[in-house]
Amino acid sequence: MNIEYALSDEDLEFIKNVFEKKLALEALIKSEGISANLMKDLISTYSQVNAEYTNWWSKKN
C-alpha cells in the first residue's frame, strides 16, 4: 500500500523534532546509573512526546 501525504515544511520540522526528542530520551532511559525518579520522569516525558505525535498525526488524517 503506497499512500502519499502532502506535508508542509512546518509538518516536517514537527516530525523531525519529535523523533529527535524520542531518540534523546531513549538514550537517557538506556543509560546506567540514573535514579529511579529520573527514570520515571524520562519515561513519562517519552510517553508525552508519543502522545503529542499521535494527536498531531490523527489531526492530519
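Visitor: Hi! Which residue forms a salt bridge with Lys21?

Guide: Hello! In this predicted model, the partner of Lys21 is Glu52, and their closest N and O atoms are 3.9 Å apart. Glu52 belongs to helix H2 and Lys21 to helix H1, so this pair ties together parts that lie 31 residues apart in sequence.

Visitor: Are those two buried or exposed?

Guide: Neither, strictly speaking. Glu52 is partly exposed, with a relative accessible area of 34%, and Lys21 counts as partly exposed at 39%.

Visitor: How many salt bridges are there in the whole structure?

Guide: A search finds 3. Lys16 takes part in one with Glu13, at 4.0 Å from N to O, and in another with Glu20, at 3.8 Å. Through shared partners, Glu13, Lys16 and Glu20 are joined into one network.

Visitor: Where do Lys16 and its partners sit along the helix?

Guide: In H1, Lys16 and Glu13 are 3 residues apart, about one helical turn. Lys16 and Glu20 are 4 residues apart in H1, again about one turn. As background, an α-helix has 3.6 residues a turn, so residues three or four places apart point the same way.

Visitor: And how accessible is that trio?

Guide: Lys16 is partly exposed at 44% relative accessible area. Glu20 is partly exposed at 42%, and Glu13 is partly exposed at 38%.

Visitor: Switching topic: what secondary structure does the chain have?

Guide: There are 2 helices and 0 strands. The radius of gyration is 15 Å, well over the 10 Å that the globule rule gives for 61 residues, so the chain is more spread out than a compact globule. Its C-alpha atoms fill a box of roughly 45 × 25 × 15 Å along the principal axes.

Visitor: What share of the residues is buried?

Guide: Of the 61 residues, 15% count as buried.

Visitor: Which ones are they in H1?

Guide: In H1 the buried residues are Asp11, Ile15, Val18, Lys22 and Leu25. Looking down the axis of H1, they fall within an arc of 100 degrees, so they line one face of the helix. On the other side of H1, Asp9, Glu10 and Leu23 are exposed.

Visitor: What covers that buried face?

Guide: The cover includes helix H2, residues 36–60. From the H2 side, Leu42, Tyr46, Val49 and Trp56 are buried, and the buried residues of H2 pack against H1.

Visitor: A buried lysine caught my eye. What is the nearest side chain of opposite charge to Lys22?

Guide: That is Glu26, 5.4 Å away, and Lys22 has no salt bridge although it is buried. The cut-off for a salt bridge is 4 Å, so that distance does not qualify. Beyond its neighbours within four places in sequence, Lys22 is in contact with Tyr46, Val49 and Asn50.

Visitor: How do the helix lengths check out?

Guide: H1 covers residues 9–30, and its 22 residues should span 32 Å; the end C-alpha atoms are 32 Å apart, which agrees. H2 has 25 residues and reaches 36 Å from first C-alpha to last, close to the expected 36 Å.

Visitor: What about Gly33: where is it found?

Guide: Gly33 is in the loop between H1 and H2, and at 84% relative accessibility it counts as exposed. The C-alpha atoms of Gly33 and Asn61 are separated by 41 Å, with their positions 28 residues apart along the chain.

Visitor: Last one: what share of contacts comes from residues 24 or more positions apart?

Guide: They account for 61% of the contacts with a separation of 6 or more.

Terms used
Residues numbered from 1 in each chain as written. Predicted model: local features only at pLDDT ≥ 70, side-chain atom pairs only at ≥ 80, totals over all residues. Heavy atoms only, no water. Expected span 1.5 Å × (residues − 1). Buried < 20%, exposed > 50% of the residue type's maximum accessible area, 1.4 Å probe, protein only. Arc of directions from axis to C-beta. Contact = heavy atoms within 4.5 Å. Lys, Arg positive; Asp, Glu negative; His and termini not counted. Rg over C-alpha atoms; globule rule 2.2 N^0.38 Å.
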